[in-house]
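These are my notebook entries on a protein chain with a ligand. I set down what I looked up, entry by entry.

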Amino acid sequence: MPIAGKFITFEGGEGAGKSTQLTRLAERLRAAGETVLSLREPGGTPFGEKMRDVLKQPGSAIQPAAEALLFASCRAQLVADVIAPALAAGKVVLCDRFIDSTVAYQSGGRGLDRALIESANRLACGSVLPDLTVLLDLDPTRGLGRASVRDQGQADRFEVLGAEFHRKVRELYHSLAKEEPGRFFVVDAARPAEAVEQEVWHEIARRFR
Ligand SMILES: Nc1ncnc2c1ncn2[C@@H]1O[C@H](COP(=O)(O)OP(=O)(O)O)[C@@H](O)[C@H]1O
Ligand SMILES: [Mg+2]
């Protein structure tokens, strides 16, 4: 499968199944002979992993603008140090959250100006943009329920935000997918994980094979 050098991101709300599906896709791609690099945001670099703790801790009092810039900052580091070199080396790069998360959460959820968030994304990424973005679409109430079971009630700084916040996040994800239908693939994440996995795999084969 000639998908070397492709960049695929997973997006969606809390508990939608991003990490689950990323792992499953990585396994399938490796079995198909691809060299795969699995990443998550924020994270993937020593700097990013440190900032991840800060950004996720429920106790961190971070202003919305500071939060948006911190995510962008982690992204800039990850793109330059890890993603760009990996793509140049012909790896398939999978990333759990990327530019669309900041638009959905910091603009949709927090209410920051979308154009400013997009500028920060451009600064962070340059020309390194996803070839495909899988949007795992799920009612936030269900997603938060899954996340709560997964984390045994230990909610992070985003999971503790109310239903209204997560509803706005989902709405903005829908807008993004509508604006860029060529990049987005929207999956009904309420279906069993196996069914979602199959659908994603089918789409990858359709697009890149
Ligand atoms: N399609 C699915 N149906 C039901 N449960 C799922 C599904 N996908 C994932 N899960 C479970 O829901 C929880 C959240 O999944 P996860 O992949 O961690 O979501 P995310 O990374 O989007 O927050 C995990 O416990 C996972 O096993
Ligand atoms: Mg996850």
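Entry 1, the ligand. I looked up the surroundings of ligand 1 and found 15 residues around it, of which Gly17, Lys18, Ser19, Thr20 and Arg146 come nearest; a residue is near a molecule if its C-beta atom, placed from the backbone, lies within 6 Å of it. I sorted the shell around ligand 1 by class and obtained six nonpolar, five polar and four charged residues. In this sorting Ala, Val, Leu, Ile, Met, Phe, Trp, Tyr, Cys and Pro count as nonpolar, Asp, Glu, Lys and Arg as charged, and the others, Gly among them, as polar. I note that α1 (18–31), α6 (140–150) and α8 (193–208) each supply at least two residues of this shell.

Entry 2, the source. I record that this is a predicted model, in which local features need pLDDT of at least 70 and side-chain atom pairs count only at pLDDT 80 or more, whereas totals for chains, interfaces and linings use all residues. Residues are numbered from 1 along each chain as its sequence is written, and chains are lettered from A and ligands numbered from 1 in the order in which they are written.

Entry 3, the fold. I counted eight helices and five strands in the protein chain; these are DSSP runs numbered from the N terminus, helices being H or I of at least four residues and strands E of at least two. Along the sequence I read the pattern β-α-β-α-α-β-α-α-β-α-α-β-α. The C-alpha trace spans about 45 × 35 × 30 Å along its principal axes. I compared the radius of gyration, 16 Å, with the value near 17 Å that a compact globule of 209 residues would have, and the two agree. The radius is taken over C-alpha atoms, and the globule rule is 2.2 Å times the number of residues to the power 0.38.

Entry 4, α3 with α5. How do α3 and α5 pack? I find helix α3 (residues 64–88) and helix α5 (residues 114–125) at an angle of about 20°, with their axes 8 Å apart. Axes are lines fitted to C-alpha atoms, for helices over the stretch in contact, and angles run from 0 to 180 degrees between N-to-C directions. The two helices are therefore roughly parallel to each other, a label for angles under 35 degrees, with over 145 counting as roughly antiparallel, 65 to 115 as roughly perpendicular and the rest as oblique.

Entry 5, α2 with α3. The axes of helix α2 (residues 46–56) and α3 come within 9 Å and cross at roughly 160°. I therefore enter α2 and α3 as roughly antiparallel to each other.

Entry 6, the backbone. I found a cis peptide bond joining glutamate 41 and proline 42, with omega about -15°. Proline 42 is placed in the loop between β2 (36–40) and α2. Arginine 97, in the loop between β3 (92–96) and α4 (99–109), has phi near 80°, a positive value in a residue other than glycine.
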